[in-house]
Every structure is written in structure tokens, then in C-alpha cells.
Amino acid sequence: MKIENIQVLRGPNIWSISRKKLIQMRLDLQDMEHRPTNTIDGFYERIKALLPSMYDHRCSPGVPGGFFERVIAGTWMGHVIEHIALEIQTLAGMDTGFGRTRQTKTTGVYNVVFNYIEEKVGIYAAEAAVRIADALIAGHDYNLEADIQKMREIREQTRLGPSTGSIVEEAISRDIPWIRLNNQSLVQLGYGKNQVRIRATMTEQTSSIAVDIASNKEETKRLLQEQAIPVAKGMTISSTDQIEEVIKRVGFPLVFKPLDGNHGRGISINIKTREDAVAAYEHASRISRRVIVERYITGFDFRVLVIDNKMVAAALRVPAHVKGDGALTIQQLIDKENSDPRRGYGHENVLTEITIDRDTLDLLEKKNYTLESVPAANEVVYLKSTANLSTGGTSIDVTDHVHPQNIFYAERISKIIGLDICGIDIMAENLTEPLPHTGGVVLEVNAAPGFRMHVAPSEGLPRNVAGHVLDMLYPAGKSARIPIIAVTGTNGKTTTTRLIAHIVKNNRRRVGYTTSDGIYVQNTMMLKGDTTGPVSTEFILKDPTVDFAVLETARGGILRSGLGFSKCDIGVITNIQEDHLGIADIHDLDDLTRVKSVVINSVKKDGWGVLNADNPYCVRIGKKAHCNIAYFSRNEDNPVIKEHCKRGGIACVHENGFITIIKGDWKIRVERTIAIPLTFGGTVPFMIDNVMAATLAAFLWGFKTEDIRISLSTFIPSAAQTPGRMNIFDFKDFRFMIDFAHNPDGYNGVREFLSSVDSPYKIGLISGTGDRRDDDLRELGRIAATMFDHVVLRQENHLRGRTKENIIGLMTEGMLEVKPDISYEVISHSNVKSVEYVIDLATPGTFITTLSDAVDGAIDIVQTFQERERDQGIN
């Protein structure tokens, strides 16, 4: 078997709108296409022995053991690999369940689709599943545990930490979109101008001064002491020479901790001799040059969490420990404790596995123990000097037992330090009494405190502390989203996108939009190129200045990685026509309809889908949509329009020379078509379609018809406003038009326009690309033969697996089918030279048209010729 390709889908896609995180593996079964599982001796027994937990996979029978029933009856290896990929992720602590395996139109080649939790783990699972299947087929032993451990390691390297993850999960539950901004914990919540950034449990509201203070334990202690907060007696030292002084001033027992330390690193507690004090200092000084030495306070370790100056949770933290039974060694007790299903690798479970390090050995040595020692029954042996969960500690929720005065202290501390999210470490006998009564003290204040101990305590009630963060960042009435209008279709996408963006700009909104020629914010191009995929979408949604997004959304991006947004307010499909068929398993218009429908399926339930009523494939999408639908048509008597409006629906039509909005029984005439520059005086039907689509989308959003009218009249088709879309350049004796048309429907649209052009001689400069089907290339030739008096064929560099001769030969074949005596020639000039060549062919009154899906540079070339002619006229 051979993996041909692995794609990561990160947004709404052709397989699922709600399941955005999918792996799509294109798998060639090769010889296994003819060997279902029931023909492979011992396959069922081997897969059941290696992965017995797959009994839980119900598969199509819908009962436990359903998948194994399919294996016994005989199923194809693509289906098996899908289930293996799901199961090994689950075994690695990432529970997944959605999968699909579908045969492509290429015999033996399947799309194996399954969901993932962590992207890199999903890719690894795809590759591992094929290796496992190969081993099971061959009857070879396989080290499954190695794969599972590797996936755990990848997960820990790439996943969001438990604190960041809890905030993101809460955001998802509140329908707040999010974007990960790096491979660490920097996350954007919300879109555009309504975005808020977090890093772990620090937010963009977190004061840098407060973080600096909290990071300086000495400064923190001084500020708290000045405000009558009980703190531990101590001092800061920077050499062993000061140890005598600190012993004299503070007295034993002592605790040593690095001034700039975190996560409990470098801390030594309950130091009672000068010798141990020197060793403790040297241990701490490896982390920080300056070391805090404080009186060791006996009691329990508590963490109090304050968010937005309100105490929201408190936990008792217990260092990693084991309890003796008089029989097992400390090592055996650790192993037994680590077998607790609540403990896992890294942050995968409520508790973390206990590891043995220097801190552990030091603590044991102080008790004259080794790992082979056998503690007495019920004797508690502490294995870490701090209670951090990341080192195997446990937490017990005590939120409901905190005395009001201690709550007052905690909330006051957050304001003294200035932190919006604040973790306060307290050593005390309990929190049920005021700290002064028990001799309890504040040990330190933490910026970016961990949430894990509160979200998933080992004992007590879990606290949704992430919810308090979201309440602070997005209080009632504040939106996390910006309006999104997504535009797709075969032809007209870019022009429609640009026209909608123009209307939005004219309504005093800061619009960001993506097109096939670049990314724009307001009137400025930010990036040049074909920017119609999810990466370009995220560019706009990450921009903190944008308050409205209009996104051209092409099929390529949808197929490669899904949509770049979770949902949109309005989805527009201009049309669905034959183009790029035979690529990426999209072989016919039914396949293409499935791709384009992803945009409409991603529209919010109370949003709108804008569809072309003259296109049967768009109408089909409308019938299945789960959002509001509005149609546009060149014919107000279109049966779809009539029935839709009869039911009170909204539509836009071209009637009696007007672009008109119909709602139920009444009409609003927006503007005369002849007065809209984009329609070229009403002579270009496909441009009228684009205008109707844009007008309808703008109306549905809520823009006033008078504002839409002004925008339609000020949107001038030109190289600057609509590059590559019917850009006409006037010369002294001839005219030159550049258009992006590159498929039969686009060619037909240009032909309709040229039929209204008064010219004695029409020249066409055309070319083809190699990723079209043979008959698509012939059809371009057939149409060209009916609209030009003379055709110049030029092959660009987009061969994509073909030869120039093959492409030009097919287009020529199509022309000669329609017009055997057509005047044509083939040239091999560059882009510049070919333009020069056809310009030299011009006679007075000639109208030259160049049609291509690669217009880069052609506009500049023609404008240069215009300037040259103008300069010659002046001279």
C-alpha cells in the first residue's frame, strides 16, 4: 500500500462542517484492493490480539464488536486503516471517533478520513496505521507501545497547555472563534477588531509592570508587607558569605528559593543546619544568582486564584508522596501510584506521573531513605519539596471553605500587585480562619498561574475558572466576531468580492478582503497573489484594524484544508460551471457542487445564503441549506424566483432595465443597469449577475439601498479596481481588452460582450493550461472560433503535465471543428512579445482581446504601450 498524500483539514470541509479537524489521507491499496480482510489468513485474530479495545468500535452494524464483524465478513484495508488511526490516537490519550473511507474514481485509491486532536499526532497516526496494517497482513510482530508513546510525546510538544486549553475550550463553548498564533501558548480569541490575545493565563490586559513585580519575589514581598499583608520573615542573599547573617536574623528552619525561579525549581525546604543551608543555596543559585531565604512556615500549601480582582477558586496542594504499607519499597510504591488511571504522561490526565529527580533523592536522603527503603504502614513519604501538579502533586478544592477575611486579603493582593489573573501561594494551617489567627503567610504571587489544579482537582468540585477569564475579556454586550461575507463560485468571484467590499467601505466600515490577485485592507494591497485560501482568510481575521471581512473562497483552499473561518454571516455562490474538473477527485459538476456547498453550509442559522436561481446546481444547494436563502436571477419570471417570493422570500432580479430587490409582493428598484459602470451599459450579462449577487448580499446585511446605489455607480471597472476583469484600454486606432476568462463559461460571457462591440476586425490572443480535460481545451477553441476574426494561440508556462504542442493542438482541433477556414496562427513569444505582436496586427477599428488565467504583467505591458503612444502624440 502507498500513501499518495496526507492533507490536514482545519476548518469546515467537504466531509463535515462541524468536525473541522480532520486528516484526509489519499491511499493507494495497490494489490490489497483485491484482498479484503476475510481473504487474509489470521488477519482477524491478529488485529483483535494487537488492538482488543477496537471491540468498542460499533461501525455500520451499530453494536459493540461491529467493526470486528466487518473484518470477519470482509472489508477493505482503507476502512481498517481508518479505524486503526482512530484507535491508536485514543490509546495515546486523544479520544477520537469520526471517520470516513471513500473510494475515489481511481480504482484502488481511497480517501481515508478521520479526526484528530493534535495535528502532528493525526499525521503520525495516519502513517502508523498503514505500517500497522502492513504488519498485520504479513503476520509480523509490531511494537504498538512505541507508536503510542511517540504520539504522547508529540502531543506534549505541540498541544496547548492545560490552562490555555481550558480557556480555548470555554471560548469554543461560547461560540468564540480562536486562532493559535504560534506553536506555544499565544492564542487569539475573536476576529479582527474584536480580537483579544492571551498567552497561557496572561491576557493583553495583564499589566507588564505587575508581571515584573510578581516575577521579583523580593519586590512583591516588600509591597505586600507595606500594605499589612502577612508574609514570611526573610531576606535575599547572593553569596554563601551571607548565610550566617540570614541564620542569625531569620533563624531555623529555613526555606531557600531562587529569586527568579518558577514551577518549584531550585527550592529547598525545612533547612535546619548550616551545612544544609550552604547546599540549599548552591542548589537555588543554579537557577538564579540571587536567592530568597525565608523562615520555613509549617502548615499546608494553598493556592488562591483571583481573576478580575475577584477570588474564584482555592486549592490545597499536596506534594507528590506515597504512603507506606510495611511491605513495598518506595520505588514499588511509586510504581503503584503511577499505575493509577488518573495519572498520565505530561498533562494528559488529572494527575501527572511521579518522576524521580534530585529533589526526590535529596528528600529521601534527609530521612536516611533510598528508593529501596520500606516505609512503615501508613507512613507518608514526600517525594517533592513543592506541591506543583506538574511534578506529581495533587490538589483538593477548598473554594467554599475560604474565610471572608482571607478572600479580602486575596482580592486586595491582586490590586496591590496589579494583576488581572493572579495566583497567590499561602502557607497556613487552614483557610477557614483568618491568616493572622493561624500564623499563615503569603509566600508569593504568581502571574500566569496554572488552572489545572482548579479545573481538574484530584478531590473536590472542579471550578470553571476559564469562564471567569472569558467574562472579563468579553463582558455582556461585547462581540468576539466581525461580519464575514464569503464568496465562491466558478466565475465572477473576484469581481463580486471587490464590489461587496466597495459597498462596505462606502458605508464607513474598515473592510479586509481576499481575492485571486491579492489581500487588501481598505484600499491598500497587503499581499499580492492568489489569496483565496484559508491562510489568506486568517490574515484578514488576525488584523486588529479590520471590522468587516469579505472573503473570496476558492475550491482549491476548501479541498486542501477547509475554510479558514468557523462560520460566516452571508455566503454567496455566483454560479457552478465546468472548470478544473478531473483534479483532486472533482470529476463532474455534482462533485464541484459538493465543494461549493461547504460555504453555504458554514453560514450561521440566522445568516443568509445568496444563490444564482439561473443555475440548477445553486438551486439544489438552496433546497438543502440550513440557513436563510435569497436568490438572484436575470429573469424575474424564473420559476425559482416566483415560488421563492411567493413564500415571502427575498430575491434580486434584473427587470425592465433595473437591478431590483423583491421581498414577497413588493419591489425596490436599486439602480438602472445602464447607470452601473460594471455592466458596461447593460451589455455584459455575467457582470449583471455579479452586481445582483453583491447588491443582494449588501441588502441582506442591512445596508440602505441608497448607499448601495451610490456604491454601484462609483465602482468603475478598470485595471486598478478590477484587474484582469474586462479591462479595456483605448488606443488611437484600436482597443485592447484583457480578461481573466479561462474556462468555457468565462469565454461565453466574453463572447456575449463582444457581440455588442462594433469593430470590423476582432483579434483574440488565447492560451490554455494543462490541468484541464481534453474536451475543456477543445471547447475553448470552439468558442474562440465563434467570436474572433483572427486567433493567435500562445502557450504559457502552466503546462501541468502536458506539452505545449498537446495543449495548442487540442485548442486548434476545437476551432477547426466549428470553423474549418478560421484564420489563426501559433506563436511562441513571451508575454511581452506576444502583446507587442498582436498590437502590430491591429488596423483601424480593431478590437483585440487576450484571454488567460494568468494576466500578471499583461496589464502593465498594455499600459506601457498606452503611455508610449501618448508621449509620441505629445511630441
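Two strands are taken to pair if DSSP finds at least two bridges between them. In this predicted model, that criterion yields an open sheet of 4 strands in the order S1-S2-S4-S3, with antiparallel pairing. Strand S1 (2-9) and strand S3 (99-103) are its edge strands, each pairing on one side only. From one strand to the next, the twist averages 15 degrees. Within this sheet, strand S2 (residues 22-28) runs antiparallel to strand S4 (residues 109-115), and 7 bridges join them. Arg26 has Asn111 of S4 as its bridge partner.

**Overall architecture**

The chain contains 29 helices and 38 strands. Of its 875 residues, 56% are buried. Taken along the principal axes, the C-alpha atoms fill a box of roughly 105 × 70 × 60 Å.

**A mixed sheet**

A further open sheet is formed by 6 strands in the order S33-S34-S38-S35-S36-S37, and its pairing is mixed. Its edge strands, strand S33 (727-730) and strand S37 (823-827), each pair on one side only. Neighbouring strands of this sheet are turned against each other by 15 degrees on average, direction ignored. One of the pairings is parallel: strand S35 (residues 762-766) and strand S36 (residues 790-794) are paired over 4 bridges. In this pair, Ile763 stands opposite His790 of S36.

**Buried and partly exposed positions**

Helix H16 (residues 465-473) is mostly covered, with 7 of its 9 residues buried. These buried residues are Val465, Ala466, Gly467, Val469, Leu470, Met472 and Leu473.

Leu611 belongs to strand S28 (residues 603-612) and is buried, at 0% relative accessibility. Its C-alpha atom lies 6.4 Å from that of Phe632, although the two residues are 21 residues apart in sequence.

Ile356 is located in the loop between strand S17 (351-352) and helix H12 (358-366). Ile356 counts as partly exposed, at 34% relative accessibility. Between the C-alpha atoms of Ile356 and Leu371, which are 15 residues apart along the chain, the separation is 9.4 Å.

On the surface, Met526, Leu527 and Phe539 form a nonpolar patch with about 250 Å² of accessible area together. Leu527 is placed in strand S25 (residues 524-528) and is partly exposed, with a relative accessible area of 42%.

**Salt bridges**

Side chains of opposite charge can pair when their charged atoms come close. A search of the whole structure finds 52 salt bridges. Three of them are set out below, each with its N to O distance.

| Acidic residue | Basic residue | N to O distance |
|---|---|---|
| Asp340 | Arg342 | 3.1 Å |
| Asp517 | Arg725 | 3.8 Å |
| Asp775 | Arg782 | 2.9 Å |

In the first row, Asp340 is buried at 18% relative accessibility, whereas Arg342 is partly exposed at 38%.

What does the salt bridge between Asp517 and Arg725 tie together? Asp517 lies in the loop between strand S23 (511-514) and strand S24 (518-521), and Arg725 lies in the loop between helix H24 (705-714) and S33, so the pair ties together parts that are 208 residues apart in sequence. Both Asp517 and Arg725 are buried.

For the third pair, Asp775 is partly exposed, at 40% relative accessibility, and Arg782 is buried, with a relative accessible area of 16%. This pair belongs to one network, in which salt bridges that share partners join Asp775, Arg778, Glu779, Arg782, Glu813 and Glu817.

**Cysteines**

A disulfide is a covalent bond between the sulfur atoms of two cysteines. How many disulfides does a search of the whole structure find? The search finds 0 disulfides. The cut-off for such a pair is a sulfur separation within 2.5 Å. For Cys568, the closest cysteine sulfur is that of Cys627, and at 8.0 Å the two sulfurs are too far apart for a bond. Cys568 is also buried, at 0% relative accessibility. Cys652 is likewise in no disulfide, the nearest cysteine sulfur being that of Cys645, 10 Å away. Cys652 has a relative accessible area of 0% and is therefore counted as buried.

How values were computed. Residues are numbered from 1 along each chain as its sequence is written. This is a predicted model: local features need pLDDT of at least 70, side-chain atom pairs count only at pLDDT 80 or more; totals for chains, interfaces and linings use all residues. Side-chain values use heavy atoms; hydrogens and water are left out. Patches are made of residues with over 30% relative accessible area and no salt bridge: like charges are joined within 9 Å, nonpolar side chains (Val, Leu, Ile, Met, Phe, Trp, Tyr) within 5 Å. Accessible areas come from the Shrake-Rupley method with a 1.4 Å probe; for residues, only the protein chains shown count as cover. A salt bridge is a side-chain nitrogen of Lys or Arg within 4 Å of a carboxyl oxygen of Asp or Glu. Helices (H or I, at least four residues) and strands (E, at least two) are DSSP runs, numbered from the N terminus. Buried means under 20% relative accessible area, exposed over 50%, partly exposed in between (1.4 Å probe, protein chains only). Axes are lines fitted to C-alpha atoms, for helices over the stretch in contact, and angles run from 0 to 180 degrees between N-to-C directions.
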